[in-house]
Amino acid sequence: MLRRAALIHYHEIGLKGRNRAAFERRLAANLAAALGGEADGRVRRIASRLLVPVARPGRALEVARRAAAIPGVSYTGAAYLVGRAADEMERAALEAIAEAAPGASSFAMDARRSSTDYPESSMDMNVRIGRAVQQATGLRVDLQQPDVTVHVEVVQGDAYVYAGKVSGVGGLPVGTSGKVVALISAGIDSPVAAWRLMKRGAVVVGVHFSGVPHTDDLSERFAREIGGALERYGGLGRLYFVAFGDLQREISLQAPPDLRVLLYRRLMIRVAEALAEREGALALVTGESLGQVASQTLENIAAVDASAARPVLRPLIGMDKLEIIGDARAIGTYELSIQPHADCCTLFMPRTPATRARVEDLDAAEDALDTGRMVADALASVRHEDYACPAYRPPRRRRPGRSGPEQAGPDVEEV
């Protein structure tokens with residue numbers, strides 16, 4: 001039986017200079033963690049590629065698909081590993097077509113050599129292997145729109161042959177760009193924003209604000225499921241849950257109605273920043289898109305940001321709703337996000353929210369609120385759920401554990 005592996009190609013990492021090896025090691029570690037028992041041994045770096053030996057040859061294509069979801073991967077191939085002998089390459093090409101496109105009627109060849117000591121040119125390999133495939137299968141050659149393309153890469157001492165090519169998400173490996181705290185609702189936008197930061201190499205720590213106790217806990221349950229969907233990308237380390245309903249009610253009773261929503265947002269930012277301080281995160285992330293709702297005008301965004309000490313990143317700011325929905329479908333969160341639920345976004349909403357608030361007006365409204373105590377109340381209610389993220393390191397805290405109220409007190413390493 002031919003040996004199998006997922007051949008991992010990257011793009012942006014290849015543009016790095018002297019520190020490229022650190023990015024490659026991080027991606028290799030993320031792949032090893034994501035694939036678990038599917039990998040037969042260590043992930044290896046080989047000539048600007050990564051190689052994941054597959055434990056069960058029949059699952060090579062599935063392993064390539066799973067690997068393609070990991071940030072930093074440009075594309076993967078469910079490869080057959082053979083030597084440099086001509087007959088081995090030809091046999092592997094036939095196997096690759098049978099696996100990836102059993103009903104194909106046309107094919108193309110894409111053979112390349114990275115090893116300069118291999119005597120046969122890329123063009124000669126294309127002609128030789130293509131002729132063998134045509135004679136064995138009767139498939140016609142179509143260089144414009146083939147049903148399947150056979151890729152052959154001669155690298156160092158081996159050749160890698162595959163037809164099951166899977167496009168990856170691209171970007172940078174999670175763990176190469178620091179840590180951020182993302183406000184994650186159970187809606188469509190914010191999970192996409194969190195995923196986009198994962199693609200840029202950031203470890204994401206989520207915080208979900210629910211309307212509990214003035215709503216049920218459905219939004220928390222859906223947020224957990226969304227966290228599970230995002231877990232497959234290896235970038236979500238933890239998701240915090242904050243019961244926010246009582247604090248919203250307090251604001252609604254004391255603040256001008258038209259400013260309520262923005263005061264809710266400013267309090268969320270302050271709570272998220274307290275968690276960012278605890279986590280060692282350098283920025284916050286939200287799912288806002290310019291002009292999508294009343295709170296997302298430029299004036300309101302600026303008024304909310306005035307309460308933040310850290311940068312507030314908005315990766316969706318220039319996207320429209322259809323583009324965001326497209327991403328949500330692609331990453332597997334859309335169906336979860338459209339389930340009906342009551343959340344804090346619609347709790348104690350005014351009839352006419354401000355669309356062009358001024359910072360000084362919000363500051364004046366907050367003078368009537370005990371924001372320090374409110375942040376402390378929110379943190380006292382915090383619970384969390386952890387997810388598989390090899391680059392995530394939990395904060396130091398008194399009592400270790402998967403979930404439960406956060407504990408105050410002297411710092412002790414979590415285990």
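These exercises look at one lysine and two helix pairs in a predicted model.

**Exercise 1.** Find the helix that holds K199, and decide whether K199 is buried or exposed.

*Solution.* Start with the helix. K199 belongs to α5, which covers residues 189-199. Next, check the burial. K199 is buried. Now look for a charge partner. The nearest side chain of opposite charge is D327, at 6.9 Å. A salt bridge needs a distance within 4 Å. K199 therefore has no salt bridge. Last, list the neighbours. Leaving out residues up to four places away in sequence, K199 touches P71, V169, G170, G171 and L172.

**Exercise 2.** Describe how α5 packs against α10.

*Solution.* Two values come first. Packed helices are described by the angle between their axes and the distance between the axes. For α5 and α10 (residues 321-331), the angle is about 70° and the axes are 9 Å apart. Angles of 65 to 115 degrees count as roughly perpendicular, so α5 is roughly perpendicular to α10. The crossing is left-handed. Now name the residues in contact. α5 contributes D189, P191, V192, W195 and R196. α10 contributes K321, I324, D327, A328 and I331.

**Exercise 3.** Do the same for α3 and α4.

*Solution.* Locate the helices: α3 spans residues 86-100, and α4 spans residues 122-137. Their axes lie 10 Å apart, at an angle of about 55°. That angle makes α3 oblique to α4. The crossing of α3 and α4 is right-handed. Finish with the contacts. On α3 they are A86, M89, E90, A93, L94 and I97. On α4 they are M125, R128, I129, A132, V133, A136 and T137.

Technical notes
Residues numbered from 1 in each chain as written. Predicted model: local features only at pLDDT ≥ 70, side-chain atom pairs only at ≥ 80, totals over all residues. Heavy atoms only, no water. Helix = DSSP H or I, 4+ residues; strand = E, 2+ residues; numbered from the N terminus. Buried < 20%, exposed > 50% of the residue type's maximum accessible area, 1.4 Å probe, protein only. Lys, Arg positive; Asp, Glu negative; His and termini not counted. Contact = heavy atoms within 4.5 Å. Axes fitted to C-alpha atoms, helices over the stretch in contact; angles between N-to-C directions. Parallel < 35°, antiparallel > 145°, perpendicular 65-115°, else oblique. Left-handed = near helix turned anticlockwise from the far one by under 90°.
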